[in-house]
Amino acid sequence: MSNVQQTQAFYSLTLAAPSATTAAVTCNSIPGLKNQDQQIFEARGQRIYLHRILENDDRTEVKLSTVCEQDVFGIIRGVTSFRIPGTATDQLVIASDSGRVALVNYDAEKNQFKRVHLETFGKSGVRRTVPGQYLASDPRGRCCMLASAEKNKVVYIVNRNSEAEIVISSPHEANSWANLCFGICALDTGWEHPVFAALEVDYNDAENDPTGEMYERREKQLVYYTVDLGLNHVVKSWSDTVEYSANMLFGVPGGQDGPSGVLVCCEDRIYYRHDKAAPLCIPIPRRKGSTEDPDRKRIIVSGCLHLSKARHEFFFLLQTEDGDVFKLTMEMSEEAKAQPERLVLKYYDTFPVAKQMLLIRKGYIYIAAENGNSKVYHVNDLADDPEVEPHNTFSSDDVSPDPTDTYTPTYFIPRHLKFTSLAVDIPSLHPLMRTKVDNPAGEDAPQIYAIQGTGNRSVFKTIRHGLEIQEIVSSPLGNIPCDNLWSLKHRSSDEYHSYLLLSSGYGDKTIVLSIGDEVETIDDTAFLTNRATVTAAQMGDNTLVQVHARGVHSILGSGAVNAWPSPANRTIVAASANDRQLLLGLSSAELAFFFMGDDGVLNQLEDMPEMSGKITALSVGQTPKGQQQAKYAVVGCDDCTIRVLSIELDSPLEARSVQALSAVPTSIEVVEMVEPGGAGTVVSYVHIGLASGLYLRAIIDEVTGELGEVRTKFLGARATRLFPVNIAASQQQGVLACSTRPWLGYNHPGSSLYTLTPLVAAPMEAARPFVSEHLNGLCAIQGANLLIFGISKVDGRLSASEVSLRYTPRAMSRNPWGPVWYVAQSDGNTLSQATKDDLRAKAGDTIPAEEFAELEKHIGLSRSAGHWASCIQAIDPLEAKAATSTIELADNEAALCCVVVPFESRNWEVYLAVGTGQHMTPGVAATAATESPKGFVHIYKLTDSGRQMELVHKTPFASPIYALHPFHGRLALGVGPELFVYDLGMKSLLRKSRGVVVPNQIVSIDSRGNRLVCADVSESVTYVVFKPKYNRMIGFVDDSIQRWSTTASMLDYETVAGGDKFGNLWVVRCPEQASKESDEEGIGGYIVNERSYLGGAPYRVELRSHFFTQDVPLSIQRTALVPGGQEVLFWSGLQGTIGMLVPFMSREDVEFFTQLEQLLRGEEGAATLVGRDHLMYRGYYVPVKGTVDGDLCEGFLVLGAGGKAKMAGEVEREGREVERKVLEMRTRVAF
C-alpha cells in the first residue's frame, strides 16, 4: 500500500467492537484461582476476551468482568481449552484464518495474552480444505483435532518436556478424499487412547454418477478416529450410518464417570451412539399451544455438559432453535453399569438462542446470544425432582433407535423462567441493522440512533457517548442559587463524610448540612453561614477550615475557633488546601501561604509575593502518602498564564515554571494519578479549565516543576470548572469537569489510559465525593437541586436508552420537523398478529391477551413456514420514549424499506413512503405452483406532529421494493434493475420517469443535485444523471469490481463510500472527464450517445480507498461526532461494530502513521498473536488502499517502555509525542 501517493487517505478506528460471539469456552487460565472460579474465553470478530464472573458473599450483586481483551487481526474460526496433565492453568487453543494453530496463555503480570506455540498446517484464508473450521480437544488434555469442511483433518499431540516446557508434535493427518465434515467432538475415553468423532458424508459416488441416483442415496456417517499415542498416528477405527439431518455432536463422559460415546443431534430426534453400547433415541419435544404448528420439527443448536467428578454424575443442557433448553440425563443398566438403557429429557427453561452455551461451576449459565444481549443466568434448581412438571418430562422408552422407524411426537408447554433467574444482562449491539447520527434533541453532541435485534426482542436505541449515572437523591435547594459545595470529614481518620457545605455567591451565604442516616440542615453550627465560602477543607487531624472573602475561619478539634482576617482593602478570590498547606489568592494579585502545625493552628508565611495579573484560580497538590507537605502549587492569572510555585517550607512560593494559555484559566486542580504503563508510578497531573470551554491536562516534573505533555480537549461553550473526585467503581481518583455537560476524567480500567467521558446527565455547577455509611458516590449541584448519585461502571464509553419493537427492524427514517422516527419491521416464517388472534379464537384459548403477549416476549414469536409478520411504527425516543403509532400489515406483506418524502406537488408536505414485498420466499426460487413475489409502495399521511400515520394509498409493483429515496420533491425507487421517479397522486403514485440503470437489483439510492447513485446487490454502484428537461435517466459510470453492496452514501458530488456483504469498506470517485460530460446541458452530448464498455456504463469509477473490516457494513454516513469536531466517515456493521474513517489533514500525518503501522506489523504482539499477516488480513478481497489501520496503531499505547522507545526511535520522534499523536487521532474527532 502506498498511502504517500494517495490524494486522499483515511485512518480507520473502531468506536465499539463487535458484540457478536464467534466462539466461547470455559477455562481456568488465571493463576492462583480455584478450579470452581472458571473464566470465559470468548472470540468476537477480530478480538479475544477473558471474562470472569464476580459476586459478593450473598450473591445479590453479580457482574461479568472483562479481565483482558486483545485484537488478533485475523478471523477466529474456533477456540477451545484443555489442561495438560501436571500444569497449573489451561492452555487456550485458537484456530484462525492464518493456516496455523496458536496455543495461548494469559499473562497475569502484563494483563495480556501470550503465545506459547504457533504451528503451521495449511494455507491462510478460510478455505473449505484447510483445517480450522472445526476444533475439538481431548478432555484429558493430551491432543486436539482441527478439521476442515472438506477432506482434511489434523491432530496435534501436546506434552511437556523434562524442563516443564510445553511441546507440540508435528501434525498427524487423517484425510479422506471426497469427504464432507459436518461437525466433530472429542470422546471421553479415560486414559485410553484419545478418540474423536466426526459427522461425515462421502460424495465420491454421487460426484461420479451423472444420473443423480447416488446423490439421492447418499448417507451421513458417524466416524471414530483413534489417536494411537504409542505409534503416533491417527486411524479410522469405527463408523456407522446416522440420520442425514444430523448436525451436532456432544461427547458423553467416559472412564469412571460414564459410558462414553456421543449424542448425535438430528432434526426432531437425539440419538446416543457408541461402538461398545446399544443405540438409544429420544424425540425432541415440540411446543404445545394454540398458535404453534404441531408439525414443525426442531433441531439442537447449542448445548453444554455438566460433569461432577466427585459423584460421577453428569447431564446435558441442549437448546433448540426456538431457545427452549432441555435437560438430558442417562439412566444406566443395573446389570452392566457402563450400558445406558434410557434417555430422559426434561424441559428446563427458555433462554435467548445461544451461539455458545456455557455452564460455569459456580452455578451460572452463560448465554453468548446469537442476537441481542448476552445473558448470565443463576442456576436455582437442577430440576432433579421427577415429580416437578411430569407433563414436561419425556423418556426414550418405546422409541426405536432406527432412523427409518416412525415415532410419536411429544409436546411440552413453554413458560417463564422457573429453574434459573437472570443474574447479568450484558449490553450488546448485534445485529445492528441500521444507524443514523443525528441531533433532534438539540444537545451539544449528536446521538447515534440505531435499530437492532431480531423478532420481538428488537429495540430502537438511542446511543450516547457517556457514562450512565444512578440518581439516588435529588432535592431542591430553594430560590437562592448555589454555585459550589464541599464534603468534609470531622477527623482525618474518619471513614465517612460528616458535613456538606453549600455556598451561594449570589446570596453571599453558606448552608451547612450534616451527613448521617439522612442529610439534614444544621442551624447551630460553628461554620460562618452569612458569608459565601471560597473553599472548605478538613486539615491536620481534626481541624475544619472555611475560607471566605474576608478571611479564614478555623474550627479546632477542641471546638475553639480561630479567625484570620484578610488584609485591609483586599478580599480572598481563590483558595486551595491539602492536609497541611493552605494557599490564598487575594484581589490585589498577592498570594498568602499557610502551614498547619501539629497543634492544628495555621501559621502564615510573612512573604506575600505578587503575581503578574489578577488571580483567577489556584490549586495546591495533594499531600503525598507518608509526607507532610506537597511540593508544588499552580496559580492561574487573567493574563492567560499559569505558574508552578514551590510550596515546600525551605523554598516557599518560589516560581518554577510559567505556561501561556489560549484563554483565562477559571479552574485548576492538581491531582495525583497512576501513570499508564508506568508500573504503578504515581504522577502529579495539573488539570486546567479555561473560560473558552477548553480542558488541559499536563504533567508536573517532580524535580524541576516544568509542565510537560499538555493534552487539550474542547468540552463545551461554558467555562470549565474542575473538581477532584473519588470513583468508587474503579477505586481510583479522578476529575469531574463541569461545562455544558459534566465530564469524568479517569484511568480506564481496561486499557489503563486516561479517558475523558461525559456523564449522561443535565449540566452540573459543582461536584464532590460523597461517602456515607450507605453510599459511596458523588454529590453535585444541578441547577436548583442537590443531586446525590453514583457511577456504577466506568469500563464502557457508550450508554443507550431503548424502545421495544415488535418484529425485526429493516429500515428507519426520521421526520425532519420533529424527533419522531419511523421503523419498518418484518419477520419471515412468523405468524402475523391477525393470524394469531384467529387461531386463538378458533382454539378457544382462555389465556388473557396481556398474559399471552408477556409470555411471547419471553419465548419468542410463533413460527410457521410461508407466513410474514410486519408492521410500521412511529417511535418517539425523547418525550414519549415509546411507539406512538403502529400499523400492522396484512395479506402476507413485509415492510422492507421506508423514507420520509416531501412532495413538491403538495406544497412540500412530508409523507411516509414504505416499500414492501408480498409472498416472498427467501432462498427459494419461484415456480409455476407458487405465487411470485410482488411489491407495493404504501404512502402514509403524518398527523399530530408526525406521531400518527394514516394510509393514503398503496401502489402495486412487479417485484419487492428494496430502495426508496426523496428526489427533487418526488420519490425515487428501485424495482429490480429499474430506477423510477414517482409523484404523489390521488389514488396511487404517478410515474414520471424510468430507466434501467443496474444489472440485477437496486438495494440503495442516494443523490446530490441531478445525480443519483444506485447500489446493485452484486455489481457495486452506478452513477446516474437525471435530465429533467428530457425526462431521461442515463447511467454513465460504474465499477470494474463486483461488490455485493449493502450500503452506499454520497460523500460529495463526485465521491461515494459504501460497504459490501463480505466486510469491505470502499470509497470510489467519478472520473473528472465523465463528471463534466454528465453535467452538460441537453442530451446531444457525448455521455448520452457513448456506447457501453464491456456490457456496462461508458466510464469506470476510480478506487480511492479500500479496507477489510470483518463485519458487514449496513450504514455509512458523513458526519461530525463531537461538537466542533472534524467530519468523519461513520459506519456500523451487522455484528455490532461501530467505526469511522478519519480523513488525514496533512501529508506529514499520512507518512508518519503509515510508517508506524508498518513497524507495528512486525512487532511481537497483537498483530502476530495468531500468525495472520496483517497486510493480507486488511486486504482480504482487494488489496488495502488509502487506509491506515488505527486499531493497530493504538497497539503502540500498550507496548512496554522499551518497545515504545525503540519504535519512537524508528519514526524519529519522542515516545511521548508518538503516544500523543495516536491518542489525538481518536479524541480530536470522536471518543
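**Cavities in the predicted model**

Biologist: Happy to start small: what volume does the second largest cavity have?

Modeller: This is a predicted model, where local features need pLDDT of at least 70 and side-chain atom pairs count only at pLDDT 80 or more, while totals for chains, interfaces and linings use all residues. Residues are numbered from 1 along each chain as its sequence is written, and side-chain values use heavy atoms, leaving out hydrogens and water. A cavity is a set of points on a 1 Å grid over the protein atoms alone where a 1.4 Å probe fits but cannot get out; points are joined across faces, edges and corners, and the volume is the space filled by probe spheres set on them. For the second largest cavity, that volume is about 60 Å³.

Biologist: Which strand gives the most to its lining?

Modeller: Lining residues have an atom within 4 Å of a point, and here they include Asn726, Leu744 and Phe789. Strands 58 (721–727), 63 (776–782) and 64 (785–790) each give two or more residues; strands are DSSP runs of E, at least two residues long, and helices runs of H or I, at least four, numbered from the N terminus. With three residues, the top contributor is strand 63.

Biologist: And how many cavities of 30 Å³ or more are there?

Modeller: The largest has a volume of about 150 Å³. Counting by this rule gives two.

Biologist: Which strand gives the most to the lining of the largest cavity?

Modeller: That cavity is lined by 17 residues, with Thr14, Gln46, Thr1109, Thr1137 and Asp1191 nearest its centre. Two elements, helix 8 (1174–1178) and strand 1 (10–16), give two or more residues. Giving three, the leader is strand 1.

Notes: On a 1 Å grid over the protein atoms alone, a cavity is a set of points where a 1.4 Å probe fits but cannot get out, and a pocket is an open set with protein on both sides within 12 Å along at least five of seven lines; lining residues have an atom within 4 Å of a point.
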